[in-house]
Amino acid sequence: MQRFLQATTHISISSILPSATTSQFSISLPPLMMERAVLLRSISSCTSHACIRTFTRSSHRLSSNRHRLIPNIHRRSPPRRHLRLISTALPSRLHFNTRFSPVTPKAIATSSPQFSPDAIGAHDDVAEKLGFEKVSEQFIDECKSTAVLYKHKKTGCEVMSVSNDDENKVFGVVFRTPPKDSTGIPHILEHSVLCGSRKYPLKEPFVELLKGSLHTFLNAFTYPDRTCYPVASTNTKDFYNLVDVYLDAVFFPNCVEDIKTFQQEGWHYELNDPSEDITYKGVVFNEMKGVYSQPDNILGRTSQQAVFPDNAYGVDSGGDPQVIPKLTFEEFKDFHRKYYHPSNARIWFYGDDDTNERLRILSEYLDMFDESPARHESKIETQKLFSKPVRVVEKYPAAEGGDLKKNHMVCLNWLLSDKPLDLETELALGFLDHLLLGTPASPLRKILLESSLGDAIVGGGIEDELLQPQFSIGLKGVSEENIQKVETLVMETLANLASEGFNMEAVEASMNTIEFSLRENNTGSFPRGLALMLRSVGKWIYDMDPFEPLKYQEPLAALKARIEKEGSKAVFAPLIEKYILKNPHLVTIEMQPDPEKASQDEAVEKEILEKVKKSMTEEDLAELARMTHELKLKQETPDPPEALKSVPSLSLQDIPKKPIQIPIEVGDINGVKVLQHDLFTNDVLYTEIVFDMSSLNQELLPLVPLFCQSLLEMGTKDLDFVQLNQLIGRKTGGISVFPFTSSKRGSDAPISHIIVRGKAMSARTEDLFNLVNCILQDVQFADQKRFKQFVSQSKARMENRLRGSGHGIAAARMDAKLNSAGWISEQMGGVSYLEYLKDLEVKVEQDWNGISNSLEEIRKTLLSKNGCLVNLTSDGKNLKNSEKHVGKFLDLLPSISSPLSQPSWNARIPSVNEAIIIPTQVNYVGKAANVYETGYQLKGSAYVISKHISNTWLWDRVRVSGGAYGGFCDFDTHSGIFSFLSYRDPNLLKTLDIYDGTSDFLREMEMDDDTLTKAIIGTIGDVDSYQLPDAKGYSSLLRYLLGITEEERQIRREEILSTKLNDFKEFADAIEAIKDKGVVVAVASPDDVDAANKERSNFFQIKKAL
């Protein structure tokens, strides 16, 4: 699945920051964090980042910010990489933003040899005997690792072996895979190689690994010029199992001999009956239909192809739906033969496992091959710079109605160089990128948004993930007459910055943010070793030094010294002049809304398929129908037991019987409850300050996300918002504010809070709490123009979510129909919120005083010492030292007595089947009900069962057979809501029929002990998901808020480990309620909804959202 071609820098500064951080480390979160806290699906929060596996066939939506040395957190351009979409029984509504994962660390059942850097040299003789020569060995101080680059003598395959004491081991194999057209061969092959191999002759070993391993990362992804296959696990035995399955998959896949896999994952003609119409089906085909339904994605692809018209980047490696059906099986096979060879591979190992064992495993595979010319044939050609600018005008599918003239997009894109840049220049450009766009106070970002010429930023700033770096910036939501004004404003702003430079406060804030991030080394639940791998590969894949991107201390210190000596203007002004202002390789993309485009594209496809059918004889049609049936039969036939046993797995004896405990001490400071977690954090203090939201009047709920953003992005009496933002950047590692809502099992009332998160080096603890106090109490809600920008940005984000994450919108809408916590969340992050924003955009002009007063009312209601809770995570000494600063902060909070009568939030959206129609070529289909209302009592087996439903029944029927990009279910154990969801789905009613068949699937299920064991182990893998210290502290906080005790966690774990087949059959009765009483919400195309309402009279109530 294609990747987000978000740039990851080699050593670039656009990558030192944590993924969602501006100087406030989640400035973009408030509108997206509204979703209720499904994070902690009971137990230990059975949702880990596995939730994100739900949609990305990986543990995460791979944000390239995770491995950029300095991530461009401002980035709003579309993903142009593709990931395998994982379908698990985990939360669908976690909308893969930088949500915090409240899970406990992965179970470790097998110990590794104690790591010793001194032992590395002693292994050289072993490497030689195994057929490897050592090219280079270096100690990387930045990650406290010894890295050895080996070359396999027989094939020339290069191997980077990184050794340290990190238990979260990482393996990856990367091939250079330049496409020659937009048929999507690299992407389809990336899907297909994981569908069975020589040693593992199953339909999908990948899914078996999903079901029954302790992986902390499991995915594959396609870039415009390379394909990566990474895995990670903290369990050594499990890790080597994953490595072996992946090596066999890439070098010896069954797909090159089996056309049915190509048809399933790529494309095929589908005809169930000769009397029906022929359609296209295929997982990648439908995935890319979804991609090409999103305006931001279309803009990103158009930009890349226009900037690089003469090399591999001038086509779409993910595949254009109009071109994919031109791909032949022979071309597909030839691409694998040519590029999936050790000579064209770069292989990465990282962690605390035995370095000799790594080479032994590799030698077994690599020794089977001779050297190939693939490495030379796959070389990426350089795009020569243009002599003059280019302009491209494209159309994108827009909804009918509304003011189309105000929905244009314009983006300016520069190719910065046609030669490799030196390290210092790369670093300086990345730093410049952060200065220009990295925070809300950054001048280019601020000036564009304050111009009122558009609603939101597009373009990602510096993108240096490919061979040549680019710089892109623009706006969407632009009126036709303002397009030229946007272009002029970009150029004038850059010229002014080159002339006048940046103020020292901005430079200091950026430098502190970068240095803090490097010290913290926080990659979230994304394995650190994988972040390093992707950073290294960014150079290595182009035959450059793989060590260089890992070593940033010296060049960063040199850049810092140069800025201090020469001044920032002397450093950055020449870069702006040379690479942007005087650079003729400028491509301006103008995107025009077209309400007819979606229907025209569908009509073209229909016409092609009608011609195909007319060209066929009756015998041809009968044969096509037979082949369609044969493919479906293969897809729906389970693998034989002997094939399933070929996939290596752990046993239940490898699994710890007790959940992983996070240290917690519950105390009191000045009358306020304080939770403390004594963990090693590398001298960083993490804090969450929680305020009760339950006394807020419900008509103010939709204003809460904007209230949170206003706290961080408006100024005080003494500081304008730029100064405040820079102060946060200079003194802390970031501050964020967001709402948190969830049901609480056993209680009718939801829990709802505002959470303020912050982090700083321990020496800056006082500064951190002073700044939090300043944000909460001193910020003035007085800037009408700025607030209107927030509204416009939020509206643009919500509209983008509707098109790209319709499953999340559908899930939130169903929740809102079924319980009050869901209703609250939907008011702050669903269709209701979007409708509110549209009205608010007008109201800001008419009644600003009223809105400002409402913001003040929210502050007075929420920000009180009463009902406050403080969470602290650091080592014991820092926790002790922080207490006086916490006490001072709490003393400054107002004490407001609780109102005599609490407002009632027991509201719901009418429980009718609903279709939210948008211009799209794919659908997102949901169905849900509250299974607790059937009398079902929660047992740990429910986690095993729901995951198994996703990984078998829904995977096979919705994705494999149905052609959707994903199908999965989610059990919110706090509320009792069990949801079915699909993602980028060509079907609608057919998918609902599959959901309704789930109870019969459970009742008729036969399962041997091995299969059941895998299901249990896979569930434990989700429950025990790997965490860094800040995530552990936050997880513990959420468990505390949700009333989840250690005793309950132990009970649930025992229930998981003792799950029996009979539990599946009993759970079928609870699932039956969804079939009979469930509510349906679909985000879908008007044509598909119209067809559904004709087939089942008035099945959907229609709601137009765009």
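**Exercise 1. A nonpolar surface patch**

In this predicted model, determine which residues make the nonpolar surface patch of about 240 Å², and establish where Val 666 is found.

*Solution.* The patch of about 240 Å² is made by Ile 664, Val 666 and Tyr 1040. Turning to the secondary structure, one finds Val 666 in strand β18, which covers residues 665-669. The relative accessible area of Val 666 is 46%, so this residue is partly exposed; the class in question lies between the limits of 20% for buried and 50% for exposed.

**Exercise 2. Strand β22 and its partners**

Work out how many residues of strand β22 (residues 751-761) are buried, which way each of them points, and in what sense β20 and β21 pair with this strand.

*Solution.* Begin with the cover: 11 of the 11 residues of β22 are buried, so the strand counts as mostly covered when buried is taken as under 20% relative accessible area.

Next, sort the residues by direction. Ile 751, His 753, Ile 755, Arg 757, Lys 759 and Met 761 point one way from β22, while Ser 752, Ile 754, Val 756, Gly 758 and Ala 760 point the other way, and both groups are buried. In a regular strand the side chains alternate between the two faces of the sheet.

Then consider the partners in turn. Strand β20 (residues 684-692) pairs with β22 in the antiparallel sense over 9 bridges, and within β22 it is His 753 that stands opposite Asp 692. Strand β21 (residues 734-742) is likewise antiparallel to β22, over 9 bridges, with Thr 741 standing opposite Ser 752 of β22.

**Exercise 3. An open sheet and the helices on it**

Establish the strand order of the open sheet of 5 strands, identify its edge strands, and describe how helices α12 and α14 are placed.

*Solution.* The order reads β13-β17-β14-β16-β15, and the pairing is mixed. The edge strands are β13 (390-397) and β15 (456-463), each of which pairs on one side only. On average, and with direction ignored, neighbouring strands of this sheet are turned by 15 degrees against each other.

One pairing can be followed to the residue level: β14 (residues 408-415) and β17 (residues 586-594) are joined in the antiparallel sense over 6 bridges, and Leu 412 has Thr 588 in β17 as its bridge partner.

Finally, place the helices. Helix α12 (residues 423-437) lies across β15 and β16 (470-478), and runs at about 165 degrees to β15. Helix α14 (residues 483-500) packs on the sheet, where it touches β13, β14, β16 and β17, and its direction makes about 35 degrees with that of β14.

Definitions and conventions. Residues are numbered from 1 along each chain as its sequence is written. This is a predicted model: local features need pLDDT of at least 70, side-chain atom pairs count only at pLDDT 80 or more; totals for chains, interfaces and linings use all residues. Side-chain values use heavy atoms; hydrogens and water are left out. Buried means under 20% relative accessible area, exposed over 50%, partly exposed in between (1.4 Å probe, protein chains only). Helices (H or I, at least four residues) and strands (E, at least two) are DSSP runs, numbered from the N terminus. Two strands pair if DSSP finds at least two bridges between them. Patches are made of residues with over 30% relative accessible area and no salt bridge: like charges are joined within 9 Å, nonpolar side chains (Val, Leu, Ile, Met, Phe, Trp, Tyr) within 5 Å. Accessible areas come from the Shrake-Rupley method with a 1.4 Å probe; for residues, only the protein chains shown count as cover. A salt bridge is a side-chain nitrogen of Lys or Arg within 4 Å of a carboxyl oxygen of Asp or Glu. Axes are lines fitted to C-alpha atoms, for helices over the stretch in contact, and angles run from 0 to 180 degrees between N-to-C directions. Contact means heavy atoms within 4.5 Å.
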